[in-house]
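Reader: I would like to work through this structure feature by feature, beginning with the interior and moving outward. Could you give the general idea each time, and then the case at hand?

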Amino acid sequence: MKKPEAVLFIGFGGPEKREDIMPFLEIVTHGRGIPRERLEAVAHHYEKIGGKSPINEITRRQVDAMENQLRAHGSILPVYLGQRNWHPFLKRR
């Protein structure tokens, strides 16, 4: 069996700042026919909590915790983050 070369931590992703909200929502809803008015309503919810999602910070803390645990157990595997709907993307759009 081949030894692992890295750990890939996969997250959903979310907007980091107000300017990211609509591009993020457009990515998440791409091809689903969601009316623009609905996206604007959802964008307003993000604006009410400061213009960003807490998910990226939470995910980064999880990545850091995983890396710390691996190091504590003697592993030197790199830990990477890839996200489905925001930077860093798993797949370039």
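Author: A nonpolar core is here a set of buried Ala, Val, Leu, Ile, Met, Phe, Trp, Tyr and Cys residues joined through side-chain atoms within 4.5 Å, and buried means under 20% relative accessible area. Please keep in mind throughout that this is a predicted model.

Reader: Which residues make up the largest nonpolar core?

Author: In soluble globular proteins, nonpolar side chains tend to be buried together. In this model, the largest nonpolar core has ten residues in all, namely I21, M22, F24, L25, I27, L39, A43, Y46, W86 and F89. The elements that contribute two or more residues to this core are α1, covering 21-29, and α2, covering 36-48, and α1 gives the most, with five residues. A second, separate core has six residues, among them F9, L77, V79 and L81.

Reader: Taking one member of the larger set, what does L39 touch?

Author: Leaving aside residues up to four places away in sequence, L39 touches M22, L25, E26, T29 and I34. Of these contacts, M22 and L25 are themselves listed in the largest core.

Reader: Where is Q83 found, and is Q83 buried or exposed?

Author: Q83 is found in strand β2, which spans residues 79-83. With a relative accessible area of 1%, Q83 falls under the 20% limit and therefore counts as buried. The side chain of Q83 reaches the backbone oxygen of H87 at 2.7 Å. Beyond the residues up to four places away in sequence, Q83 touches G11, F12, G13, N56, T59, P88, F89 and L90, and F89 in turn belongs to the largest nonpolar core.

Reader: What of nonpolar side chains on the surface, and which residues form a patch there?

Author: A nonpolar patch on the surface is formed by L8, I10, Y80 and L90, which together have about 420 Å² of accessible area. Y80 lies in strand β2, the strand in which Q83 is also found, yet Y80 has a relative accessibility of 48% and so counts as partly exposed. L90 links the two descriptions, being a member of the patch and one of the residues that Q83 touches.

Reader: How should I read the charged pairs, and how many salt bridges are there?

Author: Side chains of opposite charge can pair when their charged atoms come close. The count for this model comes to seven salt bridges. One of them joins the side chains of K17 and D20, at 3.3 Å from N to O; K17 is partly exposed, with a relative accessible area of 43%, whereas D20 is buried, with a relative accessible area of 8%.

Reader: Where do R36 and E40 lie in relation to one another in helix α2?

Author: Because they are four residues apart in helix α2, E40 and R36 are separated by about one helical turn, and their side chains meet in a salt bridge at 3.6 Å, N to O. Both ends are partly exposed, E40 with a relative accessible area of 44% and R36 with 40%. E26, which L39 touches, is linked with R36 and E40 in a network of salt bridges.

Reader: What separates R71 and E67 in helix α3?

Author: R71 and E67 are four residues apart in helix α3, residues 55-72, and so about one helical turn separates them. Their side chains meet in a salt bridge at 3.3 Å, N to O. R71, at 35% relative accessibility, counts as partly exposed, and E67 counts as partly exposed at 26%.

Conventions. Residues are numbered from 1 along each chain as its sequence is written. This is a predicted model: local features need pLDDT of at least 70, side-chain atom pairs count only at pLDDT 80 or more; totals for chains, interfaces and linings use all residues. Side-chain values use heavy atoms; hydrogens and water are left out. Buried means under 20% relative accessible area, exposed over 50%, partly exposed in between (1.4 Å probe, protein chains only). A polar contact is a pair of N or O atoms within 3.5 Å; within protein, one must be able to donate a hydrogen and the other to accept it, and residues adjacent in sequence count only if both atoms are side-chain atoms. Contact means heavy atoms within 4.5 Å. Patches are made of residues with over 30% relative accessible area and no salt bridge: like charges are joined within 9 Å, nonpolar side chains (Val, Leu, Ile, Met, Phe, Trp, Tyr) within 5 Å. Accessible areas come from the Shrake-Rupley method with a 1.4 Å probe; for residues, only the protein chains shown count as cover. A salt bridge is a side-chain nitrogen of Lys or Arg within 4 Å of a carboxyl oxygen of Asp or Glu.
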